[in-house]
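Here are my notes on this one, jotted down as I went through it. Have the viewer open and follow along point by point.

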Amino acid sequence: QVQLQESGGDSVQAGGSLRLSCQVSAYNYFTNCMGWSRQAPSKEREGVAALFRSTGSTYYADSVNGRFTISQDNAKKTLYLQMNSLKPEDSGMYYCGTLPYCNGVPPTFGNWGQGTQVTVSS
């Protein structure tokens, strides 16, 4: 299993920005689709953003589209999530994840790290 290490979570006021990072131990067949999911205490886990490395296609949840940007640095084996105009409903534990493929919408992923906490105050 690929090892994933998330970082960058913090507490921020509404309207602020954060940049999450995910260090990937290695690229293989299981990392063709990479991205982020999140879970708030009162909500189910939801896919946030995904990047299909094979094609470069990106996918975003409607709730974050236009505010979040997913990107990667292959040389550093790092995945990023730039989060702007943060809202209180963006609060939750954010997980980096991988799959062999992307399927048109951000998945919750079957392989993920231990997460990084994001708290947005109103």
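1. Start with strand β11, residues 116-121, which has two unlike faces: Thr 116, Val 118 and Val 120 sit on the covered one, while Gln 117, Thr 119 and Ser 121 make up the uncovered one. Keep in mind that this is a predicted model.

2. Which strands does β11 pair with? Strand β2 (residues 11-13) runs parallel to β11, with 3 bridges between them, and Ser 11 has Thr 119 as its bridge partner. Strand β9 (residues 92-99) is antiparallel to β11 and is also joined to it by 3 bridges. For a landmark on that side, look at Gly 92, which stands opposite Val 118.

3. Now zoom in on Thr 116, the residue of β11 that I'd check next. Its relative accessibility is 9%, and so Thr 116 counts as buried, the cut-off being under 20%. The Thr 116 side chain has a partner in the backbone nitrogen of Gly 9, at 2.9 Å. Beyond its sequence neighbours within four places, Thr 116 is in contact with Glu 6, Ser 7, Gly 8 and Gly 9, with Leu 20, and with Gly 92, Met 93 and Tyr 94.

4. On to the nonpolar packing. The largest nonpolar core has 25 residues, and the members that touch the most others are Trp 36, Val 48, Phe 68, Ile 70, Leu 81, Met 83 and Tyr 94. Where do those core residues come from? Strands β3 (18-24), β4 (33-39), β5 (46-52), β7 (68-73), β8 (78-83), β9 and β11 each put in at least two. The largest share belongs to β3, with 4 residues. There is also a second, separate core of 7 residues, with Cys 33, Ala 50, Leu 99 and Phe 109 among them.

5. Thr 78, in strand β8, makes a nice companion to point 3. Is Thr 78 buried or exposed? With a relative accessibility of 5%, Thr 78 counts as buried because the cut-off is under 20%. Its side chain has a polar contact of 3.0 Å with the side chain of Gln 23. A polar atom of the Thr 78 side chain also lies 2.9 Å from the backbone oxygen of Lys 76. Leaving out residues up to four places away in sequence, Thr 78 touches Ser 21, Cys 22, Gln 23, Tyr 27, Ser 71, Gln 72 and Asp 73.

6. Then there's Arg 19, over in strand β3. Its relative accessible area is 47%, so Arg 19 is partly exposed, falling between the 20% and 50% cut-offs. Apart from residues up to four places away in sequence, Arg 19 touches Ser 7, Gly 8, Tyr 80, Leu 81 and Gln 82. If you want a long-range distance to try in your own scripts, take Arg 19 to Trp 112: 93 residues apart in sequence, and 18 Å apart in space from C-alpha to C-alpha.

7. Last, the voids. How many cavities of 30 Å³ or more are there? The count is 1. The largest cavity holds about 40 Å³ of space. Its lining consists of Arg 38, Gln 39, Ala 40, Lys 43, Glu 44, Glu 46, Glu 89 and Ser 91.

How values were computed:
Residues numbered from 1 in each chain as written. Predicted model: local features only at pLDDT ≥ 70, side-chain atom pairs only at ≥ 80, totals over all residues. Heavy atoms only, no water. Buried < 20%, exposed > 50% of the residue type's maximum accessible area, 1.4 Å probe, protein only. Pairing = 2+ DSSP bridges. Core = buried A, V, L, I, M, F, W, Y, C linked by side-chain atoms within 4.5 Å. Polar contact = N/O pair within 3.5 Å; in protein donor to acceptor, adjacent residues only side chain to side chain. Contact = heavy atoms within 4.5 Å. 1 Å grid on protein atoms, 1.4 Å probe; cavity = no way out; pocket = protein on both sides within 12 Å on 5 of 7 lines; lining within 4 Å. Points joined across faces, edges and corners; volume = space filled by probe spheres on them.
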